[in-house]
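Reader: Could you pick one part of this model and give me a close look at it? I'd like to see how it sits in its surroundings, then a bit of the wider picture.

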Amino acid sequence: MQNLFDIRGKVAMVTGGSRGIGAMIARGFLEHGARVYITARKEAELEAAQKELAAAGDCIALRSDLSTLDGIEALVAAVSAREQRLDILVNNAGATWGAPLAEFPESGWDKVMDLNVKSPFFLTQRCLPLLRAGAAASPRARVINIGSVNGMINSHMPNYSYSASKAAIHHLTRHLATELAGDGINVNAIAPGVFPSKMTAHMLPEEEELVRGFPISRIGAPEDIAGTAIFLSSRASEWMTGQVLALDGGVVAAA
């Protein structure tokens, strides 16, 4: 029982790992003994994050552009050149777009749906040999998709493609989970509520007013998302797959 949450020695990759929720998860993995690859598109931000996270453990930064299949394949090739297996894949990289319904552009729809749904699917697909090797080395490998409470309830914000993409990644999680269970790969999702990040920065000045509607009246903390990701990566969740965990202070339950 003492080793239920042990991830020491595991190899993890966190996309969008240079900031926000991705960096919080990466730090949690590092502090619990995993080797962590972080990826992001902006090289300066990625290098700065790697230097900061390296103080917590073995962190490797690989620049990637996951908006194209070529970029996905280049990332997988770079990881495969360094590792024989991948134990944990966190599909966190994503985008959002806001505009009034009558003005919402096709570009805002396509960019968000491609990065939030298409890219996690093809990255998981291309990582299957590494993940299967990870499953062979330990009881099961893990894929964790980062969804959103916006994919579970109406956000009442003009982020149409974002909410649709997150509902899609939740359902894709269930589909992949049943497909990959026999390969020793568990696929689950976390649906975060409000955490401090670039994506939520516009909301944080009104934080006190915002959290009044939350059953647990605060925004998410790094320990909340990191702890949930560690749970989904460890023996503690070995018999769980195809689930979407709302990590939101009770917002979905109260909706």
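Author: What follows starts with one helix, moves to what packs around it, and then steps out to the rest of the chain.

First, some ground rules: this is a predicted model, where local features need pLDDT of at least 70 and side-chain atom pairs count only at pLDDT 80 or more, while totals for chains, interfaces and linings use all residues. Residues are numbered from 1 along each chain as its sequence is written, and side-chain values use heavy atoms, with hydrogens and water left out.

The helix I'd zoom in on is H8, which runs over residues 222–233. Helices here are DSSP runs of H or I with at least four residues, strands are runs of E with at least two, and both are numbered from the N terminus. H8 has twelve residues, so at 1.5 Å a residue it should span 16 Å, and its end C-alpha atoms are indeed 16 Å apart. (That expected span is 1.5 Å times one less than the number of residues.)

Now for what H8 hides. Its buried residues are Ile-225, Ala-226, Thr-228, Ala-229, Ile-230, Leu-232 and Ser-233. Buried means under 20% relative accessible area, exposed means over 50%, and partly exposed is in between, using a 1.4 Å probe and protein chains only. If you're wondering about the spacing in a list like that, an α-helix has 3.6 residues a turn, so residues three or four places apart point the same way. The cover over the buried residues of H8 includes helix H1 (20–31) and the strands S4 (88–91), S5, S6 (185–192) and S7 (244–247).

Let's follow the H1 side of that. Phe-29 belongs to helix H1, and it counts as buried because its relative accessibility is 0%. Setting aside neighbours within four places in sequence, Phe-29 contacts Ala-229, Ile-230 and Ser-233, and those three are among the buried residues of H8. Contact means heavy atoms within 4.5 Å. The list for Phe-29 also includes Ile-7, Ala-12, Val-14, Ala-34, Val-36, Ile-88 and Val-90. In C-alpha terms, Phe-29 and Ser-233 are separated by 9.3 Å, though they are 204 residues apart along the chain.

Next, the S5 side. Asn-145 is in strand S5, residues 141–146, and it is classed as buried because its relative accessible area is 1%. Leaving out its neighbours within four places, it contacts Val-187, Asn-188, Ala-189 and Ile-190, plus Asn-91, Ile-169 and Thr-173.

Following the chain on from S5, you reach His-156, in the loop between S5 and helix H6 (160–180). With 69% relative accessibility, His-156 counts as exposed. One for your backbone checks: its phi is near 55 degrees, a positive value in a residue other than glycine.

After H1 there's another loop, leading to strand S2 (35–40), and Gly-33 lies in it. Gly-33 counts as partly exposed, at 36% relative accessibility. Apart from residues up to four places away in sequence, it touches Ile-7, Arg-8 and Gly-9. For a sense of scale, the C-alpha atoms of Gly-33 and Glu-106 are separated by 43 Å, with their positions 73 residues apart along the chain.

Finally, the wider picture. The protein has nine helices and seven strands. A compact globule of 255 residues would have a radius of gyration near 18 Å, and this protein agrees because it comes in at 17 Å; the radius is taken over C-alpha atoms, and the globule rule is 2.2 Å times the number of residues to the power 0.38. Along its principal axes, the C-alpha trace spans about 50 × 40 × 40 Å. Buried residues make up 47% of the 255. Among contacts with a separation of 6 or more, 72% come from residues 24 or more positions apart. The protein exposes about 12,100 Å², with carbon and sulfur atoms supplying 54% of it; accessible areas use the Shrake-Rupley method with a 1.4 Å probe, and for residues only the protein chains shown count as cover.

On charge, there are 23 positive and 26 negative side chains, and the centres of the two sets lie 5 Å apart. Lys and Arg count as positive and Asp and Glu as negative, with His and the chain ends not counted; each charge is placed at NZ of Lys, CZ of Arg, CG of Asp or CD of Glu.
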